[in-house]
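Thanks, everyone, for making the time this morning. Let me put the model up on the screen, and then I will walk through it piece by piece.

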There are 2 protein chains.
Amino acid sequence: MAAHPARGRSGGRPTLEEVAARAGVGRGTVSRVINGSPRVSEATRTAVEAAVAELGYVPNTAARALAANRTDAIALVVPEPETRFFAEPYFSDVLRGVGAELSETEMQLLLIFAGSDQRRQRLAQYLAAHRVDGVLLVSVHADDPLPDLLSQLEIPAVISGRRSADEPLPSVDSDNFAGACSAVEHLLSRGRTSIATITGRLDVYGAQRRLDGYRAALRDAGRPVDERMIVPGDFTEEGGRRAMRELLETRPGLDAVFAGSDVMAAGARQALREAGRRIPDDVALVGFDDSAIARHMDPPLTSVRQPIEEMGRAMIDLLLAEIADSRPFAARRLERRQLVLPTRLVERASS
Amino acid sequence: MAAHPARGRSGGRPTLEEVAARAGVGRGTVSRVINGSPRVSEATRTAVEAAVAELGYVPNTAARALAANRTDAIALVVPEPETRFFAEPYFSDVLRGVGAELSETEMQLLLIFAGSDQRRQRLAQYLAAHRVDGVLLVSVHADDPLPDLLSQLEIPAVISGRRSADEPLPSVDSDNFAGACSAVEHLLSRGRTSIATITGRLDVYGAQRRLDGYRAALRDAGRPVDERMIVPGDFTEEGGRRAMRELLETRPGLDAVFAGSDVMAAGARQALREAGRRIPDDVALVGFDDSAIARHMDPPLTSVRQPIEEMGRAMIDLLLAEIADSRPFAARRLERRQLVLPTRLVERASS
DNA sequence: ATCACTTGTGGGAGCGCTCCCACACTACCT
DNA sequence: AGGTAGTGTGGGAGCGCTCCCACAAGTGAT
């Protein structure tokens with residue numbers, strides 16, 4: 001027995017050393033097998049694998065993290081309170097894509113909310129301790145200090161959406177401009193002549209671009225843009241409802257609304273119903289995101305589809321590449337670090 | 001310069017050793033200060049704290065985990081697909097409570113989905129590697145092997161709800177039986193005479209207890225229990241809708257429904273509306289959970305309030321105590337490890 | 001003065017890995 | 001025969017902590 005009486009360790013998990021002894025090889029060799037190094041002979045590999053199986057060996061992640069200076073974990077940082085996270089289908093869709101892509105790797109995903117100052121404080125601590133190899137940042141507002149903190153700490157990061165046209169960080173975005181254009185063009189082609197829009201928070205670049213697209217489509221069609229037809233929302237259902245009420249008051253003659261998100265469209269629908277307007281007979285309604293609520297709305301909502309799940313997957317791919325690049329002796333830096341995925345209009349009964 | 005040229009470590013974070021040198025003390029002393037040991041003189045503590053601040057020292061969690069055999073992280077395990085997680089307000093409420101309670105500690109929360117076989121496989125690996133100090137298990141079905149795996153691995157765990165009356169694991173539950181009783185009594189007191197119930201999945205103990213409460217309340221009031229008035233749902237909106245349709249077909253004369261969850265009540269409401277029944281005029285409706293949808297329903301839903309957020313907090317308290325107990329030289333084992341919190345009927349317009 | 005505690009402190013040993021140097025062994029050219 | 005690669009392998013050193021033993025210095029009873 002050891003002189004040091006195994007300080008109360010429960011279970012007594014086997015170590016690399018023990019696997020090596022069992023397989024009759026050295027520690028280094030076992031490590032190579034575990035990590036899939038090609039420089040191991042077939043016979044040795046088989047022997048080691050047998051020993052691993054017999055002993056039920058599972059690597060100690062803390063030791064590995066300490067020695068190799070990596071954690072095999074990445075964080076999905078949501079700079080919003082939990083409530084928003086759950087209310088917004090966008091997040092769950094991203095999470096699904098991220099989870100799917102990640103399940104093919106050994107990486108672990110942490111979900112971190114940074115919706116309050118206290119939470120942000122804790123997150124900063126967490127990042128400073130380098131407890132994750134990389135960060136996925138979703139829903140970032142223009143003035144958010146988080147991206148800068150990350151580059152300062154030299155932590156690989158990818159953001160969903162951009163903060164501006166020339167986002168310095170690697171990012172994955174959808175073509176918000178083109179998507180908005182297609183929505184408005186669709187409404188025009190249906191003979192609508194008085195088209196309003198409810199925007200998202202304009203400190204989110206994507207919301208800004210959707211508004212730009214709305215303007216451009218009208219302009220291209222030779223229609224004047226009435227500024228009173230543009231009302232800001234905040235991506236929430238309540239915000240959509242408020243915006244719609246305002247529109248009905250100032251521009252009661254409108255015959256179509258392009259909402260900057262499905263959730264806001266749902267709010268707008270309530271306000272329209274309250275006011276006795278029928279959809280699409282009196283007012284056509286188009287959303288953005290094509291999330292689950294669009295399909296389940298009554299009537300089903302025409303919406304601009306963003307491939308959110310695919311975006312989640314792409315973010316992971318980019319991030320993993322970033323992480324690989326950040327390690328010593330990385331092959332070469334990536335070139336295309338900004339991805340913009342196409343959108344597509346899905347027509348349903350609301351327009 | 002070191003002979004070993006600092007293998008590409010980015011940032012070059014300060015170590016305990018460097019802090020010690022700066023403060024003119026030994027490593028042990030710095031460690032004691034960091035960990036809040038009382039056996040340090042005031043003067044030394046101040047000096048060390050100054051050095052920590054000057055150097056911007058942040059402990060290396062991997063090293064700490066390796067040396068102390070703990071991770072300072074706990075996992076919230078959801079044995080459901082993400083979709084269910086987002087569709088069910090119960091989870092977000094638990095998460096909110098857990099997050100709130102945890103934000104007062106240094107513990108990190110991981111959210112892990114174990115909804116598919118592949119995911120469960122990965123989770124098992126993860127747990128075997130002891131990457132968390134403890135586990136919170138929500139929404140466990142009677143035959144789930146996860147709890148046994150956890151006790152086998154000797155990982156402290158707390159479950160929300162119980163699997164049976166004599167749950168071996170520490171658990172936090174609400175008084176489902178009494179809650180269901182109060183709902184039915186309320187309907188009876190409102191003069192309803194023909195009360196149906198839509199149950200949750202009966203392999204969830206809580207759903208079973210709600211059904212027991214429904215039966216007991218009717219019995220206590222001297223009313224016979226009509227088995228055709230009991231229809232199983234599955235906690236989903238769609239399930240509630242289906243169950244309600246069935247009830248309307250087999251028992252068209254009913255004048256009240258007690259649904260085993262708010263989400264199912266929302267589904268039932270849709271079916272009632274389709275059938276042209278008015279709420280509460282024709283049929284009174286009562287839900288369970290008192291989640292956000294109860295308040296937002298039209299009409300607002302009478303519901304049995306479970307203090308879900310408080311339950312989340314209690315789970316954390318229990319789990320932290322369990323973890324403390326599992327460490328060597330723990331003071332004493334806990335006694336009360338099963339917590340049952342009271343429920344309360346919240347009356348609204350639906351009944 | 002001696003002994004027995006108590007309080008504060010320094011630093012060795014060790015946690016379980018990865019990294020990398022050294023070395024044996026084999027091939028295949030000159 | 002002597003080079004010159006390449007291929008597998010063993011194991012030392014070290015990652016940055018915590019734990020704990022040893023010990024100095026102070027305090028009070030005998």
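Which polar backbone atom is 2.9 Å from a phosphate oxygen of DNA strand D? It is a polar backbone atom of S41(A), and I count a pair like this as a polar contact when two N or O atoms lie within 3.5 Å, with the added conditions within protein that one must be able to donate a hydrogen and the other to accept it, and that residues adjacent in sequence count only if both atoms are side-chain atoms. Before going further, a word on conventions: this is a predicted model, in which local features need pLDDT of at least 70 and side-chain atom pairs count only at pLDDT 80 or more, while totals for chains, interfaces and linings use all residues. Residues are numbered from 1 along each chain as its sequence is written, chains are lettered from A and ligands numbered from 1 in the order in which they are written, and side-chain values use heavy atoms, with hydrogens and water left out.

Staying with DNA strand D, a phosphate oxygen is 2.7 Å from a polar backbone atom of G26(A), and a polar side-chain atom of T29(A) lies 2.6 Å from a phosphate oxygen of the strand. Two or more residues each are given to the surface near this strand by helix 2 (27–34) and helix 4 (61–68) of chain A, and by helix 2 (27–34) and helix 4 (61–68) of chain B, where helices are DSSP runs of H or I with at least four residues, strands are E runs of at least two, and both are numbered from the N terminus. The largest share, five residues, comes from helix 4 of chain B. In total 29 residues surround DNA strand D, a residue being near when one of its heavy atoms lies within 4 Å. Of the strand's atoms within 4 Å of the protein, 58% belong to sugar or phosphate and the rest to bases.

Turning to DNA strand C, there are 28 residues around it, and S31(A), G26(B), R27(B), T29(B) and T44(B) come nearest. Sugar and phosphate make up 60% of the atoms of this strand that come within 4 Å of the protein. On the base side, a polar side-chain atom of R27(A) lies 2.8 Å from a base oxygen, and a side-chain N or O atom of R27(B) is 2.6 Å from a base oxygen of DNA strand C. On the backbone side of the DNA, a side-chain N or O atom of T44(B) is 2.2 Å from a phosphate oxygen. Here the largest share of the surface, five residues, comes from helix 4 of chain A.

How are the two protein chains related? Chain B is superposed on chain A by a rotation of 180 degrees with 0.0 Å of shift along its axis, at an RMSD of 0.1 Å, using least squares on the C-alpha atoms of residues with pLDDT of at least 70 in both. The two copies are therefore related as by a two-fold rotation axis. The same surface serves both copies, since 100% of the contact residues of chain B recur in chain A, contact meaning heavy atoms within 4.5 Å.

Finally, away from the DNA topic, E80(A) lies in the loop between strand 1 (73–78) and helix 5 (82–87) of chain A. A polar contact of 2.9 Å joins its side chain to that of S139(A).
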